[in-house]
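Visitor: I am new to this structure and would like a close look at a single part of it. Please choose one part and take me through it step by step.

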Amino acid sequence: MMDVQQGFAEEDETEEMSFEGNDNPNGSGSSDSDDSEKEREEHYVLERRIVELRKELAKSPNAYNTHVELISSLQKLGELDQLRYARESMHAIYPLTEELWLDWLRDEIKLGLTDEDKKKIELLFQRATEDYLNIDIWVEYIQFCLAGMDIGGVEALKKIRAVMEEAIRHGGLHVVKGALLWDSYRDFEMAIYQTTKGGSETEKTSQAQKITHLFNRQLSVPLLDMERTWTEYNEWLQILDQKIEPHVKATYDKAKGQMEKIAPIEDTLIIAVENDHKVAAYRTYLDLEMNEFKDPARIQALFERIVAEMPLYDSFWNDYCKFVDHQFKAAETTFAIFKRAIRNCPWNGPIWSEYILAAERYKKEDGFIAGLVEKAFNAGLATAADLLSVWMSFIEYLVRKCTWGDSDNENIVQLREAFTRATEHLDQTYDVEGDPECTLLQYWAYFEAKKLNNMPKARDLWSKIISRGHSKSAQWWLARVQFERTHDNNKEEVRKLFTKSLNGVSSSDWPELIVKQWLQFEREEGDLQTMDIAKQRCEARMKKVNKEREGQTVQEVETAKGRKRGKIEDAKESKPVPAKKPKISHDAAATSTKVVPKKKVEPKVNATEPASKPVVIPKPVTDPSRHANTVFLSNLAYETSEQDVRNMMSSSGTITDIRLVLDYKQRCKGFCFVEFSSQDEARAVLKRDRELMKGRPVFMSPSEPDAALKHPAFKYQSTLEKKKLFIKGLAFTTTKEDLEALFKKFGILKDVRLVTLRNGKPKGLAYVEFEDEVSATMAMNQTDGTTFQDKVLTVALSNPPPRREDRNLDKDELSLGGGTRVRRTQVSFVPNAVLRQTSQSSTMPPPVSVPASASKSNADFRSMLLKK
């Protein structure tokens, strides 16, 4: 750095001397000085930005966009060694895109002067072709080989042919771009054929046969514009004075027929803009190849094309791994695909699980499998289901290693430790949501009872299962009873369980099932005395259950009557009602001979207004033709007036009616109906949902009949939403615009919503929805755990827990939106007895040194890189 600064100082002195000695009246020296000053300023700004980017990467090494910007800045600056190091650092974490690889390769080709440099470039090309299937990189590789080698040498010819065969093997089946590789190969062989015209006839004939064979191979593959290749083949045979062989024509016709079936899908892919449309098209493509054509090589080529275009779609990677593992049954090929899959989608648990199974299938050592589990935990698995999937695969592997009989042998001790670590890991990371069905505990209890004959431990595990929110569920208690009867059938223990379950199950969860099973058990296993005891307890419990149900029914009826009475009283207080004679019911007539007439009820009138002006009760929209044009507004401030609503909503269209729902004191009750002149205007208004009015977010929704009389209920998605992120830990001063600026660089935003209280105050939470899953996943991986506005963000895929009315919420329950989120495991949960491999160093590779024979200064490299 001192050398660079000294060089800048010398340049400054030279420029100052040149300026002082310049007497040109036209001022050309001043212009040169200005340009030089501007260049130095840009250079200084780049250096400062590079320092900032390196600091950001020191805090967040996985920040993808920061890596890209650092590489771009170093490329502009012309710092070759630093640029190489930055590219190596990024490639150690992420596979590089086609653009990044081509920039890297072309920069190195510019500076590749010696044979040693060219060998390094060849190795770089080989690394580039391993990340994804990129036809343009293969074409660039072929051109590099042709430009940098003497094609007259025999060894050089073999090497070029080997590269071209490798290119055909990887990309020759690419329907759209594969012809580029075939044409390059044939052009190369044609050039050699031209050089043999003056040679022997044997050499000429041999080269012609190679070209003919290339034509035959290409024509057997369905490729775009294959008719042109067929025409060129005919012209070539005319030169050789040969005829088309029947089998060549047959294979060509077959490939052309396949191409006709593929063409509509390719057309769909060309016009598809949304990733969802591409996914559907590729799914159709895969079904066609796998179910009709059934060519494994073509299926693999299609998978390679898909994952190159959509590398973050884990479902395709998962299918690709399974296909290769089951189809080719080769360890090297299988592991190569799995390594690429977890490199692109490290958050996907099923891919890790299949990788573990494949490692066991190909008899990898214990340390390798334990290392996979450790890497999976450190990769940031997306959901609790992903974490559970990895643990289950590892435990199943340990189970298959065990030999039952001796409970103290190493494998069984290891298995028990794994069960313990797995349950602790899930509980610490996700609480009860980590394994809601208690899959691990049930699996563990089975082995303790069945394989190890340890019923006390199995009963203890089942006690934990029941205590994890299942104590009031009849189904879980019956499963517990069935487990006891299957593995031990201790009658007294079973009776205790029936007693506990009957008392524990809620009246709303069908305790009749417990009663039925208990009595059936006594018929099969008991005697008269135990049957009498069971009947007495069951009858006593069912009396309490029926009483509880009756009380709940009465309470519901009273609540319904209270609502109805409240509406009637509101109507009486808000509108004069003439006195009516009391009606006598049939029951009253039968029990009483004298009816006392009620006093005449005088209408209540508001003291502040004349009695002649009754309060008008707005009616909900009842005309079906008007519903489509009407928007329902809720969460309005109580002081809201009709004019306030008109001022806010008039910008969205022509308002034909505003029905503000008022109480008997003419105050807003918090909701309103706004009718527009057209359905399109009403739909457009819905996009303004949660817009603020009087400091409160206004909820806007389509109008429904009697919407004002329904119970307000917050409805939300209760399943995993892969396009939507849930953000926690925001500063209360964060605005919607701040979040848009933070997340728009990852993809197209569909919606950004800050979660607020009903009074409009922020809660520090937000939802950000993208147009596609890839953008959402990338944003999650690169923002989770980062600092924003002095707050550490927690970013996860939106996955709210299912809402149940009878769910008992306690202080430890997750809050709204606090579903599963990504947490990176900081502590190793792999058993020490299994973990035998030391973790690899995470340091980045050192900068590539320049050979002494080609040593140059930084200024020389900068000039060469920037073409100065």
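Guide: What follows is a walk around one sheet and the helices that pack on it, with a look at one further helix afterwards. Please keep in mind throughout that this is a predicted model.

The sheet is an open one, formed by 4 strands that lie in the order 7-8-6-11, and the pairing is antiparallel. Strand 7 (749-756) and strand 11 (794-798) stand at the edges, and because each has a single partner strand, one side of each is left without a neighbour in the sheet. Neighbouring strands are turned against each other by 20 degrees on average, when direction is ignored.

Within this sheet, strand 6, which covers residues 721-728, and strand 8, which covers residues 762-770, pair in the antiparallel sense over 5 bridges. To find this pairing in the view, you can start from Leu725, whose bridge partner in strand 8 is Val768.

Two helices pack on the sheet. Helix 31 (residues 736-743) touches strand 6, strand 7 and strand 8, and its direction makes about 140 degrees with that of strand 7. Helix 32 (residues 773-783) touches strand 6, strand 8 and strand 11, while its direction makes about 30 degrees with that of strand 6.

For the further helix, turn to helix 17, whose 13 residues run over 349-361. At 1.5 Å a residue this helix should span 18 Å, and its end C-alpha atoms are 18 Å apart, so the expected span and the model agree. At the N-terminal end, helix 17 is capped by Asn348, which has a side-chain oxygen 2.9 Å from the backbone nitrogen of Ile351. Just after helix 17 comes Lys363, which takes a positive phi of about 60 degrees.

The buried residues of helix 17 include Ile351, Trp352, Tyr355 and Ile356, and Glu354 is also one of them. The buried residues of this helix pack against helix 15 (314-327), helix 16 (331-344), helix 18 (366-378) and helix 19 (384-401).

Finally, a word on the cysteines: a search of the whole structure finds 0 disulfides. Cys345 is accordingly in no disulfide, and the nearest cysteine sulfur, which belongs to Cys321, is 9.2 Å away, whereas a disulfide would need the two sulfur atoms within 2.5 Å. Cys345 counts as buried because its relative accessibility is 0%, and Cys538 is buried as well, with a relative accessible area of 4%, given that buried means under 20%.

Key
Residues are numbered from 1 along each chain as its sequence is written. This is a predicted model: local features need pLDDT of at least 70, side-chain atom pairs count only at pLDDT 80 or more; totals for chains, interfaces and linings use all residues. Side-chain values use heavy atoms; hydrogens and water are left out. The expected span of a helix is 1.5 Å times one less than its number of residues. Buried means under 20% relative accessible area, exposed over 50%, partly exposed in between (1.4 Å probe, protein chains only). Contact means heavy atoms within 4.5 Å. A polar contact is a pair of N or O atoms within 3.5 Å; within protein, one must be able to donate a hydrogen and the other to accept it, and residues adjacent in sequence count only if both atoms are side-chain atoms. Two strands pair if DSSP finds at least two bridges between them. Axes are lines fitted to C-alpha atoms, for helices over the stretch in contact, and angles run from 0 to 180 degrees between N-to-C directions.
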